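Colleague: Could you take me through one strand of this model in detail, covering what it pairs with and how far it is shielded from solvent? I would like a connected account rather than a list.

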Amino acid sequence: MSDAVIVAYARTPFTRSLVGGLAKASEFDLANTVIAEVIRRSGMPPESIDNIAMGEVLQGGGCIARYSALDLGLPPDTPAVAIGGWCASGMIAMHQAVASIRAGMGRCIIAGGVNTPSASPMAGPHFASTGITDTPIAPMHPGIGEMPALDLALMLGEGTARQYGLTREEVDEWAARAHSLASDAIEAGVLDWEKVAVAAGDTVATADELPCRDFTVAALGQMDSFLGTDCTVTVGNQTGLTDGAAALMICDRAFAESLGVQPLARIVGWSVVGSEPERATEATVTATRRALTLADVDVEAVDLFEVHDSYASIGVAYGRELKLADDRLNVRGGGLALGHPYGASGTRVAGTLIAELQRRGGGVGAGAIVSAGGLGAAVVLDVFPAAA
């Protein structure tokens, strides 16, 4: 089978929904920006693109990827599809692209995801208010016992904490670490390579807005939990509502190199696993182990792990189950601090691993994401040293 390699990656800044730098940008603006940027960064001719697969969450119908293909002036015979898998959508889009390339059914595919609660229509019918706008959202899973369909704080955040016996102090410590590391990375310019600026209204958005130096363990400990004294989840130890998009260009290695395009990383394993909705973190651990087994890579041989921690309990539990030291997991802060534009986060996980491992001279990375509805997705990357 053909080797599938990543030849370009880009993401927008991740900004606060409704009030941040991308609040005036549409989902189409964000998708167009990252798709155009990975084409530019890769140097691939647009006519070589066989497909575009973009994860979408809470969409109101249609297909953002196809809109972007046409709006950017790609050849009209370029297909483009919407991928829906809640938080895992952007990573599942990658899986599908890799499978197509390894099967010989494509040579160059853009995969990614987008989400902007500031502007996107929400999927109906009218189950409940978001609490932020009057726009309703659809349920992530059937209401099951005390795990209601629309309460992610209980289902994912507290469900994980209860399953793994985590304390409020443990999750607050994780959150404080995440915000500190992300703030350090931003101040050092470490994340600049990943990002592309976005024109939004009369401003240009360039900065990730969520990381907060003030989120110390002491400050987090003063915040009220969502569900009373027996609950670990607070506004401080979960990620914020975020606008953003991310995309990768994935190619047949021989085809890319025939055009003089050097790969960033090779995709060597991937997996997606289901579970009961409240046990989605367990599914993500299982997906990681399965992806590593399929790639014939031991946990100990992985240089860096990146798990999307929309709740701090996910990060704590994931690291504990895989027995990972802090210097191997979410070393630049992770999604809790950087933000969670639902459709884009799975793609961001892979891009952040590539960026960090290239800075270190290459290595093996494993990325994973927990998804509402009881899904866990993972990918294993062999990252090459940065070109001189």
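Modeller: Bear in mind that this is a predicted model. I would start where strand E12, residues 304-308, runs beside strand E13, since the two pair in the parallel sense over five bridges. Within that pairing, His308 of E12 has Ile369 in E13 as its bridge partner. E13 itself spans residues 363-371, and it is also joined by nine bridges to strand E14, residues 375-383, this time in the antiparallel sense. One of the positions that face each other here is Val370, which stands opposite Gly376 in E14. E13 and E14 together form a hairpin with three residues between them, and in that turn Gly373 has a positive phi of about 90 degrees.

As for shielding, E13 is mostly covered, with nine of its nine residues buried. To see how this is laid out, it helps to recall that in a regular strand the side chains alternate between the two faces of the sheet. In E13, one side carries Gly363, Gly365, Gly367, Ile369 and Ser371, while the other carries Val364, Ala366, Ala368 and Val370, and the residues on both sides are all buried. Ile369, the bridge partner of His308, thus belongs to the side that begins with Gly363 in the list above, whereas Val370, which stands opposite Gly376, belongs to the other side, together with Val364, Ala366 and Ala368. The picture is of a strand paired in the parallel sense with E12, joined in the antiparallel sense to E14, and covered on both faces.

Conventions
Residues numbered from 1 in each chain as written. Predicted model: local features only at pLDDT ≥ 70, side-chain atom pairs only at ≥ 80, totals over all residues. Heavy atoms only, no water. Buried < 20%, exposed > 50% of the residue type's maximum accessible area, 1.4 Å probe, protein only. Helix = DSSP H or I, 4+ residues; strand = E, 2+ residues; numbered from the N terminus. Pairing = 2+ DSSP bridges.
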